[in-house]
Amino acid sequence: MADKILIVEDEAHITRTLRLYLEQAGYQVVIIADGAQAMPAFRHEKPDLVILDLHLPHVDGWEICRQIRREGDTPIIMLTARSEESDKLIGLELGADDYVTKPFSPREVTARVRVVLRRSHGQVQPPPILRADTLILDLEAHTAAKADQSLDLTPTEFDILVAFMRHPGQAFTRLQLVEASQGVAYEGYERVIDQHIKNLRAKLGDDARAPRFIQTVFGVGYRFSAEFRHDS
Ligand code: CA
């Protein structure tokens, strides 16, 4: 039977997108918009995992997290605002299993759901790691490091780098990179990619005129150097 995900979030545009992606990934989805209804729904639906927003009408996410933990160890993924570093720490202290910062890509959330559920089902696998020379991405921890120095990447930059590093040598159009990072191919967002690439190159220490990692493919877009192909 499909795993059931309970989403507690009052912002309809977020729940709409999450429902779409999670259902596509084969999950059953139940949405609750009011904090006061979260615990009754939790007890009634018995979800396999809860995606919990902090800012909710009537009862906030902290309180719901506490109550769920009092009743068992159902995995919880918190939705937090990027700026609120303390929110993540408190959430993890209260027993949340993971958190995702807004704005997030629905693909990222779906990937986290899969990881957390796999862990809770006891099918622990080694965390997926992508490497290119001294550059290392940990997809489970969602961290990036180069030569043991941690890189402070935005979620968009991280997702773009994941797409690149999974397919070294492959040319990506800007639209493909928008899709890889946003989960949707928004036309008109392509030029934003140039700025993300510029930022990524700066963080990777890549010289735009002679980049080691992210190369410009004239008339197409960008590619991650074929030097890092897995088969070479
Ligand atoms: Ca909210």
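Domain bounds here come from an automatic or database domain assignment. On that basis, the protein chain of this predicted model is divided into domain 1, residues 4-120, and domain 2, residues 129-231. The briefing covers the contact between the two domains, a calcium site, a four-stranded sheet with a helix across it, and two buried residues.

**Domain arrangement**

- The C-alpha centres of domain 1 and domain 2 are 29 Å apart.
- Domain 1 contributes 12 residues to the contact, and domain 2 contributes 11 residues.
- About 780 Å² of area is buried between domain 1 and domain 2, with carbon and sulfur atoms giving 45% of this area.

**Calcium site**

- Four residues coordinate the calcium ion at 2.1 to 2.7 Å: E9 and D10 through OE and OD respectively, D53 through OD, and H55 through O.
- Along the sequence, the spacing of these donor residues reads E-D-x42-D-x1-H.
- D10 and H55 link distant parts of the chain, being 45 residues apart.
- D10 belongs to the loop between β1 (4-8) and α1 (12-24), whereas H55 belongs to the loop between β3 (49-53) and α3 (61-71).
- D10 counts as partly exposed because its relative accessibility is 34%, a value between the limits of 20% and 50%.
- H55 counts as exposed because its relative accessibility is 56%, which is over the 50% limit.

**Sheet β6-β7-β8-β9**

- An open sheet is formed by four strands in the order β6-β7-β8-β9, with antiparallel pairing.
- Its edge strands, β6 (129-132) and β9 (149-151), each pair on one side only.
- On average, neighbouring strands of this sheet are turned by 25° against each other, direction ignored.
- Four bridges connect β6 and β7 in the antiparallel sense, and L130 stands opposite L137 in β7.
- β6 and β7 make up a hairpin with two residues between them. In the turn of this hairpin, D133 has a positive phi of about 55°.
- Strand β8 (residues 143-146) runs antiparallel to β9 and is joined to β9 by three bridges. The residue opposite A145 is S150 in β9.

**Helix α6 and the faces of β6**

- Helix α6, residues 155-166, lies across β6, β7 (135-138) and β8. The helix runs at about 110° to β7.
- The covered face of β6 carries L130 and A132, while its uncovered face carries I129 and R131.
- L130 therefore combines a place on the covered face of β6 with a position opposite L137 in β7, by the DSSP pairing of strands through at least two bridges.

**Two buried residues in helices**

- E108 is found in helix α5, which spans residues 106-120.
- E108 counts as buried because its relative accessibility is 7%, under the 20% limit.
- With neighbours within four places in sequence left aside, E108 is in contact with V100, H142 and P155.
- T156 lies in helix α6, the helix across β6, β7 and β8.
- T156 is buried because its relative accessible area is 17%, which is also under 20%.
- With neighbours within four places in sequence left aside, the contacts of T156 are S181, Q182 and H196.

Key
Residues are numbered from 1 along each chain as its sequence is written. This is a predicted model: local features need pLDDT of at least 70, side-chain atom pairs count only at pLDDT 80 or more; totals for chains, interfaces and linings use all residues. Side-chain values use heavy atoms; hydrogens and water are left out. Donors are N, O and S atoms within 2.8 Å of the metal (3.2 Å for Na, K and Ca); water is not among the atoms, so sites may look incomplete. Buried means under 20% relative accessible area, exposed over 50%, partly exposed in between (1.4 Å probe, protein chains only). Axes are lines fitted to C-alpha atoms, for helices over the stretch in contact, and angles run from 0 to 180 degrees between N-to-C directions. Contact means heavy atoms within 4.5 Å. Buried area is the accessible area (1.4 Å probe) that two parts lose on being put together, summed over both.
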